[in-house]
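Walk through this model with me, one region at a time. We start with a strand, move on to the ligand, and finish in the loops.

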Amino acid sequence: MVLGVTGCIGAYKACEVLRELQRRDVDVHVVMTEHATRFVGAMTFEALSRHPVFIDQFALGAESEIRHVSLADAADLLLVAPATANVLGKFARGIADDALTTLFLGTTAPVLVAPAMNVNMFRHPVVVENLEMLRSRGVGVVEPGTGYLACGWLGEGRLAEVPDIVDAAMAALSRRRSLAGETVVVTAGPTVEDIDPVRFISNRSSGRMGYRLAEVARDRGATVVLVTGPTVLPAPRGMEVVAVRSAEEMARAVAEKAPGAGIVAMAAAVSDYRPAAVAPGKIKKQDGAQKLDLVRTTDILESLGEAKGTRFLIGFAAETDDLVENARKKRMAKRVDLMVANDVSRNGAGFASEKNAAVLIDAKGQTDLPLMSKRELAERIWDRVAELRARA
Ligand SMILES: Cc1cc2nc3c(=O)[nH]c(=O)nc-3n(C[C@H](O)[C@H](O)[C@H](O)COP(=O)(O)O)c2cc1C
């Protein structure tokens, strides 16, 4: 893993973080900002880590490698402890003007930051906003503690305790590997059921929840197949993306891909009905009411439940009434291992929103998750999957 060290008094604690990680058999490479070297010498980290410390991105490493790329590729976690207000701001806004900030943009590894600063800096709206922005993009934050700060003030902003930072790093590393070797099929987005060449029936699903679930599964080491209805989202990197339109196309794609998968997550909002026939030409306007004949589509989740075997099945229940009760029934009826129930009538949650709140329902009980980013929610869902499968 990579330990980033930035310019503040707490930089000396990074030495303890490094030692503790080594005690837990983690190989640590250190990247320092120029300002960090004003607080602790690079020699200390070089001697402790037994690797060259990376500070100057314009200095070539061994065999002329470009280290901000090679380290970014090799890293399984980037932990920045302590993280200054300055570095958090650069991370949030994509400024890459030194080795650490360039590496941050170049890595696909999970990132964990442990902020440390004066209480007024920590409460400054721009710092609050930057941290919120980073959280919503999946960066983990080891919250600072409250107490006497190096500057003499009393308040929040003190670097978290070393054991807490190390525990958070170890948890992130184990999450990182929680789906290694697995093949996961995730469905996402709405389906579109054509009425005629210009009209269709669909729903408000944006696809975000399924895309985040697929991305987090990829980041945790899974081989991912994303079966997606039409969305405006860019195709995620590092996975097979199968684009479909209708419920029947989605059912066929899932039937083809699921046999090779140990886990299927059905996050798509699949139409329950489709027009009995698609009119070949545009249906003409008439006087009076118009009727549309609808027939049921294939229930993909039910089909997966029937052919379940040892496959782990994740279902989603979007409800506007009796959320938990309906989701519980659906879980039992469709032989789903983990049901993610969300109340789509709630403000700021669900369809088309970047945030969601959910209740996870499984054979062991129920976990209520408050409103959080869909990326964070995806992390919590995969955490629960790991727990349930470990117990099975
Ligand atoms: C003695 C001293 C202590 C500092 N402590 C902190 C701190 O705890 N947190 C912080 O965000 N900045 C602190 N700073 C300010 C940073 O060093 C400064 O913003 C610097 O530009 C950060 O550079 P870097 O983020 O590239 O390491 C401190 C500066 C000095 C001189």
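A residue counts as buried when its relative accessible area is under 20%, and as exposed when that area is over 50%. Values in between are called partly exposed. Keep those cut-offs in mind; several steps below rest on them. Note also that this is a predicted model.

Take strand 8 first, which covers residues 183–188. Of its 6 residues, 5 are buried, so by the cut-off of under 20% the strand is mostly covered. Which strands pair with strand 8? One is strand 11, residues 223–228. The two run parallel, and 6 bridges join them. Look for Thr-187 in strand 8: its bridge partner in strand 11 is Val-227. Another partner is strand 13, residues 263–266. Here 4 bridges make the connection, and the strands again run parallel. Val-184 is a good place to check this pairing, with Ile-263 as its bridge partner in strand 13. A general point helps when reading any such sheet. In a regular strand, side chains alternate between the two faces of the sheet.

Now step back to the whole chain. The protein has 392 residues, and 50% of them count as buried. Its secondary structure comes to 13 helices and 19 strands. The C-alpha trace spans about 80 × 45 × 40 Å along its principal axes.

Next, the ligand. How many residues surround the ligand? The shell holds 14 residues. The closest are Gly-7, Thr-33, Thr-84, Ala-85 and Ala-116. By class, the shell has 8 nonpolar and 6 polar residues, and no charged ones. Helix 4, residues 85–93, supplies the largest share of this shell, with 3 residues.

Three distances to ligand oxygen atoms are worth checking on screen. Thr-84 places a polar side-chain atom 2.6 Å from an oxygen atom of the ligand. Asn-86 also uses a polar side-chain atom, at 2.9 Å from a ligand oxygen. Gly-7 works through its backbone: an N or O atom there lies 2.7 Å from an oxygen atom of the ligand. How much of the ligand does the protein bury? Taken alone, the ligand exposes 640 Å², and the protein buries 65% of that.

Helix 4 leads on to an aromatic contact. The count of aromatic pairs comes to 1. The ring centres of Phe-91 and Phe-104 are 3.9 Å apart, and their planes meet at 5°. Planes under 30 degrees apart count as stacked, so this pair is stacked. Where do the two rings sit? Phe-91 lies in helix 4, while Phe-104 lies in helix 5, residues 99–106. The pair therefore ties together parts that are 13 residues apart in sequence. Both Phe-91 and Phe-104 are buried.

Helix 5 itself is mostly covered, with 6 of its 8 residues buried. The buried residues in helix 5 are Ala-99, Leu-100, Thr-101, Thr-102, Leu-103 and Phe-104.

Turn now to the backbone. Which peptide bond is cis? The bond from Ala-81 to Pro-82 is, with omega near 0°. Pro-82 lies in strand 3, residues 78–83.

Two residues other than glycine have positive phi values to inspect. Asp-322 has phi near 45°. Asp-322 is found in the loop between strand 16 (312–319) and helix 12 (323–333). Its relative accessible area is 57%, so Asp-322 is exposed. Arg-335 has phi near 55°. That residue is in the loop between helix 12 and strand 17 (338–343). Is Arg-335 exposed or partly exposed, and why? At 45% relative accessibility, Arg-335 counts as partly exposed, because exposed requires over 50%.

One last loop remains. Pro-197 sits between strand 9 (193–194) and strand 10 (200–201). At 56% relative accessibility, Pro-197 counts as exposed. Finally, compare Pro-197 with Ala-258. They are 61 residues apart in sequence and 31 Å apart in space, C-alpha to C-alpha.

Definitions and conventions
Residues numbered from 1 in each chain as written. Predicted model: local features only at pLDDT ≥ 70, side-chain atom pairs only at ≥ 80, totals over all residues. Heavy atoms only, no water. Near = heavy atom within 4 Å. Polar contact = N/O pair within 3.5 Å; in protein donor to acceptor, adjacent residues only side chain to side chain. Areas by Shrake-Rupley, 256 points an atom, 1.4 Å probe, with all protein chains shown as cover. Nonpolar A, V, L, I, M, F, W, Y, C, P; charged D, E, K, R; others polar. Buried < 20%, exposed > 50% of the residue type's maximum accessible area, 1.4 Å probe, protein only. Pairing = 2+ DSSP bridges. Phe/Tyr/Trp six-rings, centres within 6.5 Å; stacked < 30°, edge-to-face > 60°.
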